[in-house]
Amino acid sequence: MSFMELLKTGPFFLDGGMGTLLQAQGLRPGEAPETWNLTHPEKVTAIHRAYYEAGSHMVAANTFGVHPQRYDTAVCEQMIRAAITCAEQARWDAAATQERFIALDIGPCGKLLKPLGPLDFEDAVNGFAEVIRMGAYYGADCIFLETMNDGAETRAALLAAKENCDLPVLVSNAYGADGKLMTGGTPESVVAMLEGLGADAVGVNCSLGPDALAPIVERYLEAASVPVLMKPNAGLPQEKDGKTFYNVQAGEFAGQIAALVPKGLRIMGGCCGTTPEYIRALCEAVGKNVPPALEKKNRTVIASRGQTAELGKNPVIIGERINPTGKKRLRKALEEGDMAYVLNEAISQEERGAEVLDVNVGTPGVDEPALLTQAVQELQAVTDLPLQLDTADAAAMERALRVYNGKAMINSVNGKQEIMDAIFPLVKKYGGVLVALTLDEDGIPGTAEGRLAIAERILAEAEKYGIEAKDILFDTLTMTVSADGNAAKITLDALKMIREKTGCGTVLGVSNVSFGLPEREVLGSVFLTMALERGLSAAIMNPLNDRMMGAMISFRTLTGRDENCGAYIRFAGELPAMQAAAMPAAGSGAQETEAKGLRRAVVKGLCREAARLSRTALESGQDGMELVQQEIIPALDEVGQGFEAKKIFLPQLMMSAEAAEAAFREIKEKSGGQAEEQPSKGTVVIATVKGDIHDIGKNIVRLLLENYGFAVTDLGKDVAPETVLEAVTRLHAPVCGLSALMITTVPAMAETVKLLHEQAPWCRVMVGGAVLTEEYAREIGADGYGRDAMAAVRLAERFMKER
Amino acid sequence: MKEGIYLEELGEIPFDEKEILRYAMLPSFAPPPEELPLRECLESARGAANCRAVWCRYPLKKDGNELNLGFARTESKDLKEHLEGCTEILLFACTAGAEMDRRIARAKIGSPAKGLLMHAIGAQQVEGGCDRLCRYLAERFPDRLLTDRYSPGYGDLPLSLQREVMEALDCGRTIGITLTDSLLMTPSKSVTAIIGMKEKEHA
């Protein structure tokens, strides 16, 4: 039988621990096990041989820690070659009759990926790719990714394997006792992602004993269509007389694992603390038991880092608001690269009940592949909702799919041959649930039958790529009913027809139906209800719209999907507050008082009050600029001086700054963009320097500088000197602020200061951060030192005056 | 897991509002601002921290000017002073976990004040985790006197010691702490430290 056939039938036995056995042979604590491939190959070989003789079908070569992050390429290659040679020798020597394979063993690279850590996704892919090419070259039979405790890194390693060899890839993750990966992945989200990327087997190893891992394995068995593996520790480490031992003995260990075989477990072995004795016991315990035949799970699942959404059970709410079509402010934010606006949209939709977020950043003049990738990464850093990647640009789709941590919804393909040729290979390679629009080269058919015909063609084409029908949702295209009285009817008929004839799920962007008509949500919410009644799987809609959300939630309640009407009652309970927030404030009261009140509100840090008072003052005719000059600025000065005199402290200063910002926002909105024509005090470029990821302090500086009328370009954290220079040059910024929190990142700050002084001599550089002092700042050549955020504002003001 | 390394799940650490405000740089005598979104932040921080620690025990030896910590050597005078009279050390690493960092990142959007508070909550959680671990270690070694904790980067103890600490405790694999090239720990709400142990009668 071939390797893959053996995996799929099972039981297939892996090996047990390596590190523990090497330690028993004299490996010192702190000494890397992989070095023994070169210094003690005979001992490594003997261990592999013992596993083969105990019954292992596959041993993992001693390459767990070999990675370019730790060793030079040449050293990596020596170690991998030696490791595989050891395993080959053992395979030859072993007195065993079962088929015997060798895996290239790959563990985590030791650095955490962005956004939580410093490592760029593609750099991670490249590092793993190097090792994988070596392993394939020196004759490994398969790739074993194991003990991976971060989903993003697992993705990088699996992608590297798929792109650099044709070997089967087994992927094993390390879960905590809470049933999650260190970075939050769950069995369901991990399985969805890994199957999407084409893993040949998935499972769990290390961290816990077999009994504690069993519930996680059962969740894998429930979710996975590919073979599932399990390689637990021999229980938990305990100490006796200064010696560490594991608390589960071989017999017990074997029994607990063997009990999972009837449930579908087919690949098994041991991790820390296990020995050939454990594997022998495991083989005996399983005996002639054979797991039930592998079963395809026919579920349509998308996933994020740690959440999944299943389409086809409950209708799913896809938030539509991250899409610049017809949204001026979002378009502007995207043009300026202002991700904060996009992130805010994401969070407000999530808070109001969105379950998936559509992400479309296509607007003229932007580099869409770069922007979509950035948006996906930044969104995934702050929300765990699964995303729907929405772009017509195949290059943008591919780049975003590479980095998307999970299994995305892909919007979209349609019946045009050219589009199918571009999109299907991406779905095949990266996985995802595909939205297919029922249109083709001839446009949108005017009949339900016409749309069904296109759907069937798309399905036939998908089959050629091996993309399953369960991973395709059809969009029967909502058209404006004001343009064609039958438009909605045809869309709904097509929806029902496709649902019944193909069995596939469906999705609709519902808002479009009412375009050009008054009271749009009345029509829209009924259309949504009608579509839901016809089996709509997901609606792309505005979760901030009460009436639309009301229709969706009511539908769930009325169709037995809302236990005790809980969701409906919660929704209804929040309604009055939402409506109040949307109401304009009562516009009476003397200007004087409103204005005076505003000043007090800013000093006290009352955000809502500051916004309300500004709105009222503006509505009663007061000039925005006057409010700024006579109330807000004096309030900020009062607070700033209090802060400098140590009478007011950081949280108070920040609340005032936020209250001022809330007031500014009202004034800007009221003036309809006119306020933007008002000249800023000057441009300030700010950044946390390369290598440093602290940005709380820098963000405070940004807020205060903006309060004081500076145009701030915030480059974020971990910013290379060249990037700072590029921004300062492009904007001809007179002032630049740099932040560093660690002694180890001050050299990067010094380098940035030097580069700016050489290449952008007009720009004056102020620095700040926990480790800096006035003296230190001078030493590295900075033009000024900001002790705190207020000091930074004063410095920027001084620099501008001195120009 | 390597020989002699112990993993401790520290459980839920109660929020300590006073401590949190202190980490947010509000002195204890100053009243918190009226609308400070502390409640809201505490609510969204609930369940975010998952405090875990690893520790290991080493003999302590003096080699001339050098201190042999068992997992590394150092010439730090400040640490030598801190470990005066000790014969062994406990080395530990503790983290509040990756989810805490994500909640901080999320809080920062739109409101630096929330960012500051969430950051302070994270600090309080990991420090609370360290306190719990230290109490546990004191109980576990009842016949020893334990010093306060001392971290790389304090005094003249170089931050570069973090590399050896990570290696010694196998931090990446055990509790998921990794180092950046600039020696920052990720997740950011993590602490490493050395505790000295001496015989009680020497005290």
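How many residues does helix 18 of chain A have, and how far does it reach from its first C-alpha to its last? I looked this up first.

**Conventions.** The model is predicted, so I noted that local features need pLDDT of at least 70 and side-chain atom pairs count only at pLDDT 80 or more, while totals for chains, interfaces and linings use all residues. Residues are numbered from 1 along each chain as its sequence is written, and chains are lettered from A and ligands numbered from 1 in the order in which they are written.

**Helix 18, chain A.** Helix 18 (residues 487–502) has 16 residues and reaches 22 Å, close to the 22 Å expected at 1.5 Å a residue. The expected span is 1.5 Å times one less than the number of residues. Helices (H or I, at least four residues) and strands (E, at least two) are DSSP runs, numbered from the N terminus. I listed the buried residues of helix 18 as Ala488(A), Ile490(A), Thr491(A), Leu492(A), Ala494(A), Leu495(A) and Ile498(A). Here a residue is buried if 20 or more other C-beta atoms lie within 10 Å of its own, exposed if 12 or fewer, and partly exposed in between, with C-beta atoms placed from the backbone. The cover over these buried residues includes helix 17, strand 18 (472–475), strand 19 (505–509) and helix 19 (520–533) of chain A. Gly503(A) follows helix 18 and has a positive phi, near 75 degrees.

**Helix 16, chain A.** I ran the length check on helix 16 (residues 417–430): its 14 residues should span 20 Å at 1.5 Å a residue, and the end C-alpha atoms are 20 Å apart, which agrees. Its buried residues are Ile419(A), Met420(A), Ile423(A), Leu426(A), Val427(A) and Tyr430(A). They pack against several elements of chain A, among them helix 8 (187–196), helix 15 (394–403) and strand 16 (409–414). Just after helix 16, Gly431(A) takes a positive phi of about 80 degrees.

**Strand 16, chain A.** Six of the six residues of strand 16 are buried, so the strand is largely enclosed by the rest of the structure. Strand 15 (residues 387–390) runs parallel to strand 16 and is joined to it by three bridges. Leu389(A) stands opposite Ile410(A) of strand 16. Two strands pair if DSSP finds at least two bridges between them.

**Sheet in chain B.** I found an open sheet of three strands in the order 3-4-5, with antiparallel pairing. Its edge strands are strand 3 (61–63) and strand 5 (73–74), each pairing on one side only. Two bridges join strand 4 (residues 66–68) to strand 5. Asn68(B) has Arg73(B) in strand 5 as its bridge partner.

**Interface of chains A and B.** I counted 49 residues of chain A in contact with 46 residues of chain B. Contact requires C-beta atoms, placed from the backbone, within 7 Å. On the chain A side, helix 13 (339–351), helix 14 (368–382), helix 25 and helix 27 (696–707) each supply at least two residues. Helix 25 gives the largest share, six residues. By class, the chain A side has 28 nonpolar, 16 polar and five charged residues. Ala, Val, Leu, Ile, Met, Phe, Trp, Tyr, Cys and Pro count as nonpolar, Asp, Glu, Lys and Arg as charged, and the others, Gly among them, as polar.

**Helix 25, chain A.** Which residues make the contact of helix 25 of chain A with helix 5 of chain B? The axes of helix 25 (residues 650–670) and helix 5 (residues 112–140) come within 8 Å and cross at roughly 155 degrees. That makes the two helices roughly antiparallel. Angles under 35 degrees count as roughly parallel, over 145 as roughly antiparallel, 65 to 115 as roughly perpendicular and the rest as oblique. Axes are lines fitted to C-alpha atoms, for helices over the stretch in contact, and angles run from 0 to 180 degrees between N-to-C directions. The contact is made by Leu650(A), Pro651(A), Met654(A), Met655(A) and Glu658(A) with Pro112(B), Ala113(B) and Leu116(B). These residues divide into seven nonpolar, no polar and one charged. Helix 25 is mostly covered, with 17 of its 21 residues buried.

**Single residues.** Ser680(A) lies in the loop between helix 26 (674–677) and strand 21 (683–688) of chain A. It is partly exposed, with 14 other C-beta atoms within 10 Å. Leaving aside its neighbours within four places in sequence, Ser680(A) is in contact with Gly709(A), Phe710(A) and Ala711(A).

Note on methods: Contact = placed C-beta atoms within 7 Å.
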